Amino acid sequence: MTYIPQEKGMRVEEKFYQNRYLVDAGRPHIKVLPHETPSKALLSMTHLCPAGCYELNERGQAEITAEGCMECGTCRIATAKTGDIEWNYQRGGFGVLYKFC
Amino acid sequence: MNNVRFDAIVVGAGLSGNAAAYTMAKQGLNVLQLECGEYPGSKNVQGAILYAKSLEEIIPDFRENAPLERHVIEQRMWTMGDSSHVGMHYRSDDFNEEKPNRYTIIRAQFDKWFSREVREVGATLLCETTVTELLCDASGRVIGVRTDRNAGKVFADVVVLAEGVNGLVGQRSDLREEVESDQVALAVKEMHFLPHEVIEARFNLKGDEGVVIEAMGTITDGMTGTGFLYTNQKSISVGIGCIVSDFAESETTPYDLLEVFKNHPSIKPLIEGSECKEYASHLIPEGGYNAIPELYGDGWLVVGDAVQSVNSVHREGSNMAMTTGRIAGEAIVWLHRRRDEMTKANLAEYRKRLEDIFLMKDLKKYRKIPGFLESNNHVFTLYPELFSDAAQAWFRVDGTDKRSEEKQIVGSFRKSRSVLGLVGDAFKLARAWR
């Protein structure tokens with residue numbers, strides 16, 4: 001379809017800045033396992049993650065900053081076959097706290 | 001908490017977990033419910049439409065105090081082109097009945113209410129408690145769970161896994177396979193706030209009446225999926241979801257897709273001037289009947305989204321979740337009263353009861369639909385544009401004679417999808433639907 005330019009490439013941070021999170025500082029519930037080059041599945045997370053948590057670093061490896069994570073589990077399922085990440089539930093009480101959804 | 005024993009432990013306080021816990025506690029069982037969120041609903045996301053019937057069977061008078069948004073009097077089904085939509089609207093004053101059939105709800109509020117009801121009938125709820133694993137005896141029978149609360153163990157005759165689409169506890173104990181990426185949709189949604197009188201004026205509503213829009217078409221950029229817009233009292237839920245494997249193959253981000261949907265000329269005026277207060281994402285199990293895992297075993301049952309009990313054709317999920325929870329609860333109560341062991345053989349009663357009602361029947365009826373939609377992506381791309389072009393040719397008065405207009409419409413269908421293709425699509429859909 002024809003994308004209207006100003007809607008594309010928006011910063012996802014603008015979307016979830018109003019969400020409430022209790023961040024489990026220093027204990028991320030998702031870890032990307034060490035790798036040289038990301039698998040196709042892991043690479044897809046850079047556009048697939050609805051919170052934009054996955055980015056490539058300057059060496060082309062995928063990194064995660066999970067603060068905005070909404071715990072949907074998309075990355076867990078997308079990378080299940082390639083085993084690129086370690087995904088756990090948040091510790092009790094931590095993570096996203098929806099008020100209106 | 002150590003070494004306390006319960007009749008049943010329910011893992012999760014979403015709709016299915018609450019339905020199971022309520023059913024069992026109301027019949028006098030000693031129930032412990034564990035929820036990882038700060039409060040029930042804090043991590044639960046849905047469109048959200050509540051189908052009254054499934055809740056009535058659990059709490060008949062729920063309308064007296066449940067936080068309901070609007071009862072649905074109008075359903076709009078849209079096929080969307082890039083700048084248009086072809087719609088089928090059904091609105092009836094019959095839906096303004098004493099006990100309305102469908103409501104929009106806000107899960108964070110609704111789940112808090114449901115959970116209060118669960119506790120009122122005597123279940124014990126522990127929030128901020130994540131279940132980390134199932135505890136089994138030497139024979140492999142599930143006898144309890146371990147939680148992250150001081151690594152505490154709790155024991156019960158039976159564990160009801162209401163852990164949602166990311167059913168990690170069950171998967172790690174090999175009770176079921178990992179969900180495939182083509183069996184699950186990723187949905188993103190925003191909550192847009194507007195004064196209620198603005199919503200009522202925009203959608204031609206009065207009082208608690210509500211409208212829901214379900215949309216498909218070029219809005220999903222060639223992927224299998226749908227968009228939606230639901231009216232609440234003072235907010236509008238707007239979202240879009242597509243199959244995860246389709247998303248992975250595309251280069252679209254879910255939030256760009258939602259932005260484009262929100263800016264579609266048919267949607268934009270409906271949410272104009274609103275304030276977005278929340279953005280959420282969630283997975284929806286859409287694998288249907290063929291994706292249903294093992295439902296029970298020695299000392300355990302699984303309910304809700306972890307069962308893949310979603311009828312994606314009819315957008316039914318929450319009612320299915322509540323029904324699996326209720327039926328699981330009833331089966332357990334029945335066994336408990338008979339003093340039967342919670343063995344795999346006895347818990348087969350749960351599946352048997354699901355087979356007897358609409359739940360398994362509906363899932364079975366549509367078992368071929370997920371496959372049909374997956375392998376026929378032109379349903380989401382080609383047809384919406386064809387419908388739109390046809391409608392435009394039909395309605396636009398530009399001096400073309402009517403016979404030529406008809407010819408042009410038929411011709412555009414034939415040209416883009418050949419007669420065989422059209423007949424084939426209709427035939428395949430009919431076969432999947434049957």
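The exercises below, each with a worked solution, concern a predicted model with chains A and B.

Residues are numbered from 1 along each chain as its sequence is written, while chains are lettered from A and ligands numbered from 1 in the order in which they are written. Since the model is predicted, local features need pLDDT of at least 70 and side-chain atom pairs count only at pLDDT 80 or more, whereas totals for chains, interfaces and linings use all residues.

**Exercise 1. Describe the secondary structure and the overall dimensions of chain A.**

Step 1. Chain A has 3 helices and 6 strands, where helices (H or I, at least four residues) and strands (E, at least two) are DSSP runs numbered from the N terminus.

Step 2. Read along the sequence, these elements follow the pattern α-β-β-α-β-β-α-β-β.

Step 3. The C-alpha trace of chain A spans about 40 × 40 × 25 Å along its principal axes.

Step 4. Of the 101 residues of chain A, 43% count as buried, a residue being buried if 20 or more other C-beta atoms, placed from the backbone, lie within 10 Å of its own, exposed if 12 or fewer, and partly exposed in between.

Step 5. Among contacts in chain A between residues at least 6 apart in sequence, 68% join residues at least 24 apart; two residues are in contact if their C-beta atoms, placed from the backbone, lie within 7 Å.

**Exercise 2. Work out which elements of chain A touch chain B, and how the residues on that side of chain A divide by class.**

Step 1. The contact involves 38 residues of chain A and 47 residues of chain B.

Step 2. On the side of chain A that touches chain B, at least two residues each are supplied by α1 (13–16), α2 (40–48), α3 (74–78) and β6 (95–97).

Step 3. The residues on this side of chain A comprise 21 nonpolar, 10 polar and 7 charged, with Ala, Val, Leu, Ile, Met, Phe, Trp, Tyr, Cys and Pro counted as nonpolar, Asp, Glu, Lys and Arg as charged, and the others, Gly among them, as polar.

**Exercise 3. State the domain assignment of chain B and the separation of domain 1 from domain 3.**

Step 1. Chain B is assigned domain 1 (5–68 + 105–181 + 290–356), domain 2 (185–285) and domain 3 (376–433), with bounds that come from an automatic or database domain assignment.

Step 2. Between domain 1 and domain 3 of chain B, the C-alpha centres lie 46 Å apart.

**Exercise 4. Determine how three helix pairs of chain B are oriented and which residues join them.**

Step 1. The axes of α1(B) (residues 15–26) and α3(B) (residues 107–120) come within 8 Å and cross at roughly 20°; axes are lines fitted to C-alpha atoms, for helices over the stretch in contact, and angles run from 0 to 180 degrees between N-to-C directions.

Step 2. α1(B) and α3(B) are therefore roughly parallel to each other, given that angles under 35 degrees count as roughly parallel, over 145 as roughly antiparallel, 65 to 115 as roughly perpendicular and the rest as oblique.

Step 3. Asn18(B), Ala21(B), Tyr22(B) and Ala25(B) in α1(B) meet Phe114(B), Ser115(B), Glu117(B) and Val118(B) in α3(B), a contact with 5 nonpolar, 2 polar and 1 charged residues.

Step 4. For α13(B) (residues 378–395) and α14(B) (residues 402–417), the axes come within 9 Å and cross at roughly 170°, and the two helices are therefore roughly antiparallel.

Step 5. The contact draws on residues including Leu382(B), Leu386(B) and Trp394(B) of α13(B) together with Ile409(B), Phe413(B) and Arg417(B) of α14(B), and its residues divide into 7 nonpolar, 3 polar and 3 charged.

Step 6. α9(B) and α10(B) (residues 344–356) pack at an angle of about 140° with their axes 9 Å apart, and are therefore oblique to each other.

Step 7. Among the residues that make this contact are Trp334(B) of α9(B) and Tyr350(B) of α10(B); by class, the contact has 8 nonpolar, 2 polar and 2 charged residues.

**Exercise 5. Locate the cis peptide bond at Ala48(B) and the positive phi values of Glu71(A) and Gln308(B).**

Step 1. The peptide bond from Gly47(B) to Ala48(B) is cis, with omega near 20°, and Ala48(B) belongs to the loop between β2 (31–34) and β3 (49–51) of chain B.

Step 2. Glu71(A), a residue other than glycine, has a positive phi near 60°; Glu71(A) is in the loop between β4 (62–64) and α3 of chain A, and is buried, with 25 other C-beta atoms within 10 Å.

Step 3. Gln308(B), likewise not a glycine, has a positive phi of about 65°; Gln308(B) is found in the loop between β17 (300–302) and α9 (318–337) of chain B, and is buried, with 26 other C-beta atoms within 10 Å.
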